[in-house]
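Trainee: I should like to take a close look at a single part of this protein and then see how that part fits into the whole. Please take me through it in one connected account.

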Amino acid sequence: MTVHTELTDLAGDDVPPRLESATRRESDPLTRLVEQLLAPGALRMDAQPIVGMADGTVLGYELLARSTIPCSSGPAQWLERASELGIRTEFELACLEAACARGGPPDDVRLFVNLSPRTVLDRRVDPILDQLPPRVIEITEHEPILDYQQLRRRLQGWPVATTMLAIDDVGAGYSSMSHVLQLHPHFIKIDRSLVHHAHRDPNKLAVLRGLVGFARQCGVTSLAEGVESIQELKALRAVGVDLVQGYLLARPGEGWPGPRHWRTARTSESSKDACSSVAVGSLRERVEKMVDPQDAADEVTAHLYENFEFLPSVYLEWAGILRFLSGRGQWQVLDGIEEGVGLTGAAFAAGEPVLVQDVGSDLRYRAAVPGVVAELAVPLTVNRRIVGVLNVDSPTRFDDEQVRMVTATARLLEQAFTRTGLSSYRGSPLIDLGRHAARVARTRTVRELARATTAAGLEVAQLQSAVMWTNVAGSMVAQGVAGARADDLIDLTPTEVDRLAGLVSHVASSYSTGPVISRTFGPMGLLRDRGFGTAFVAAIRDRGTPTGLLLVAGPDAGIMAQEAVQALELLSVLAGVTLARIGG
């Protein structure tokens, strides 16, 4: 018999080793088992998928210890006894060895492995970790951390491309929050005690909203574990959790289990309820309270995302192009869409809805997240003028009732925009651009222009690295860099730079906006591979012809403010005009 008990704690309380007699060792079955499990092949690691809330994509697997020796105990008992015997680190290293024997997961997703702080600091872990594919080290709160600075230095020694950090059991106690504040992780794993029956407990929901909001402000991806019911999943979606894990999606197992298609668990009754006139009326009441177009759009996209698992976005026309105003679930944003480009631009140009039930069959479709099956784009009209588009991506085909509901939601937005107006300005990146514009325009050489442009890009975007390329005899040549880690951007291959240039060939810009783990999708994925959580790219043009490329990036995942995006695009236009004057 093989034990199927989840390893929920790889960092329990260590106690000083105790001297035990040989007689007790021989008579205690648990002690004998723990010592036997240190032998090669005695442990195996089962995998449980970690799933993106937006689209159900598997973005990682947590590896959980199992015994190949028949027994009635589980990992929690093994680790506790290993601590008592003074061999906890050795036990954790044995678990890592078993993880190495498993091989890599499909699609280059990350492995999540549990380690105590003491084991992380042990140099014996290095050669074993080197054998693993890209991983996330989970640290729990159960073992005290005596020296955060020492642990930070140790973790910073591993590049983000290979090793990320998660704090486990967040919300279970004070120590986990201290770990988050001191160690700056890439993920927080919300403790299962907060997830259990969260839909029935307003206090748990309040804590979950606070944790998710805290994570977003810090550029950290939220992951909720222990999801066991559709009701819990819906509650987590409503508060904005990024990733989920639990028996509802898949139990741990051998191989690489795929998640159950939990969208099919939604009943037709609940779908009808969300489409009902009562639900639309409730949304109308909330939207009517909004006095800013950004807030109205945010309310609509949240409603569509949380109730239907749609991936909605709202675009408004500014200066002849469609600008992104609000969205939920996308991994990256295509902004500055020209009339007729993509299904969004097609709906704007035609002035009527565009419904595509199979996006793979329509060459106009432009992907912002994997897993999309159908797309509906509805133009927005205010005072008999088309002012934007409500765009909705869906992981399944739309039924007639859903199409009517999305159309009715678009009408609510039109009414809101008629009342609020269309302008919503927050922040001052344009002022930052104004301080640099004259310097950029006065440059006399290509190198001088590149230095001025990248320096301006850093201040406008409040990011850490920038590079500017120009087209020289058909090839992109890096002309200037600014900021820390700019060398990582310079190292992009010509093929990779061409892929980024292709991404913005018919749009004003593109920028990443998904969780840090969404690293393998599209050209932006190659920047995530180099440890950049946020990236902005725009073409530099001379009267419409691409002559260069501007890339600005930073290590932390976050959502760029719309005014910062527009300021960077203006910077790219200014660089293009100046480059043409210089003759670069």
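In which helix is the place of threonine 454?

Mentor: This is a predicted model, and the account below should be read in that light. Threonine 454 is found in helix 18, the helix made of residues 446-461. Because its relative accessibility is 0%, threonine 454 counts as buried; the cut-off for that class is under 20%. Setting aside neighbours within four places in sequence, the contacts of threonine 454 are Ala466, Val467, Met468, Gly480, Val481 and Ala482.

Those contacts lead to the strands. Strand 15 covers residues 465-472, and strand 16 covers 475-483. Both belong to an open sheet of 11 strands, ordered 12-13-14-9-10-11-17-18-19-15-16 and paired in the antiparallel sense. Strand 16 is one edge of this sheet and strand 12 (354-356) is the other, each pairing on one side only. From one strand to the next, the twist averages 20 degrees.

Within this open sheet, strand 17 (residues 507-512) pairs with strand 18 (residues 534-542) through three bridges, in the antiparallel sense. One position can be picked out here: serine 510 has valine 537, in strand 18, as its bridge partner.

Two further helices lie across the strands. Helix 20 (residues 494-503) crosses strands 11, 15, 16, 17, 18 and 19, and its direction is at about 105 degrees to strand 19. Helix 22 (residues 562-582) lies across strands 9, 10, 11, 15, 17, 18 and 19, at about 35 degrees to strand 18. Strand 15 is thus among the strands that helix 20 lies across, and it is also among those that helix 22 lies across.

The chain also holds a closed barrel of eight strands, running 1-2-3-4-5-6-7-8 with mixed pairing. In the barrel, strand 5 (residues 163-170) and strand 6 (residues 187-190) are joined by three bridges in the parallel sense, and valine 170 stands opposite isoleucine 190 of strand 6. Helix 10 (residues 202-217) packs here, touching strand 5, strand 6 and strand 7 (221-224), and its direction makes about 170 degrees with that of strand 6.

Next come the nonpolar cores. The largest has 127 residues, of which Trp78, Phe91, Leu236 and Val244 touch the most other members. Valine 244, not counting residues up to four places away in sequence, touches a set of residues that includes Pro49, Ile50, Val51, Ala224 and Leu236. A second, separate core has 30 residues, among them Ala296, Ala374, Leu413 and Leu422.

For the chain as a whole, there are 22 helices and 19 strands. Of its 584 residues, 57% are buried, as threonine 454 is. Among contacts between residues at least 6 apart in sequence, 66% join residues at least 24 apart. The chain exposes about 24,000 Å², and carbon and sulfur atoms supply 52% of that area.

Finally, the confidence of the prediction should be kept in view. The average pLDDT of the chain is 87, and 89% of the residues score at least 70. Residues 1-21 have a pLDDT below 50, although this stretch has 69 contacts in the model beyond near neighbours in sequence. Over residues 264-270 the pLDDT also stays under 50, and the model has six contacts for them beyond four places in sequence.

Terms used:
Residues are numbered from 1 along each chain as its sequence is written. This is a predicted model: local features need pLDDT of at least 70, side-chain atom pairs count only at pLDDT 80 or more; totals for chains, interfaces and linings use all residues. Side-chain values use heavy atoms; hydrogens and water are left out. Helices (H or I, at least four residues) and strands (E, at least two) are DSSP runs, numbered from the N terminus. Buried means under 20% relative accessible area, exposed over 50%, partly exposed in between (1.4 Å probe, protein chains only). Contact means heavy atoms within 4.5 Å. Two strands pair if DSSP finds at least two bridges between them. Axes are lines fitted to C-alpha atoms, for helices over the stretch in contact, and angles run from 0 to 180 degrees between N-to-C directions. Accessible areas come from the Shrake-Rupley method with a 1.4 Å probe; for residues, only the protein chains shown count as cover. A nonpolar core is a set of buried Ala, Val, Leu, Ile, Met, Phe, Trp, Tyr and Cys residues joined through side-chain atoms within 4.5 Å. pLDDT is the predictor's confidence in each residue, from 0 to 100.
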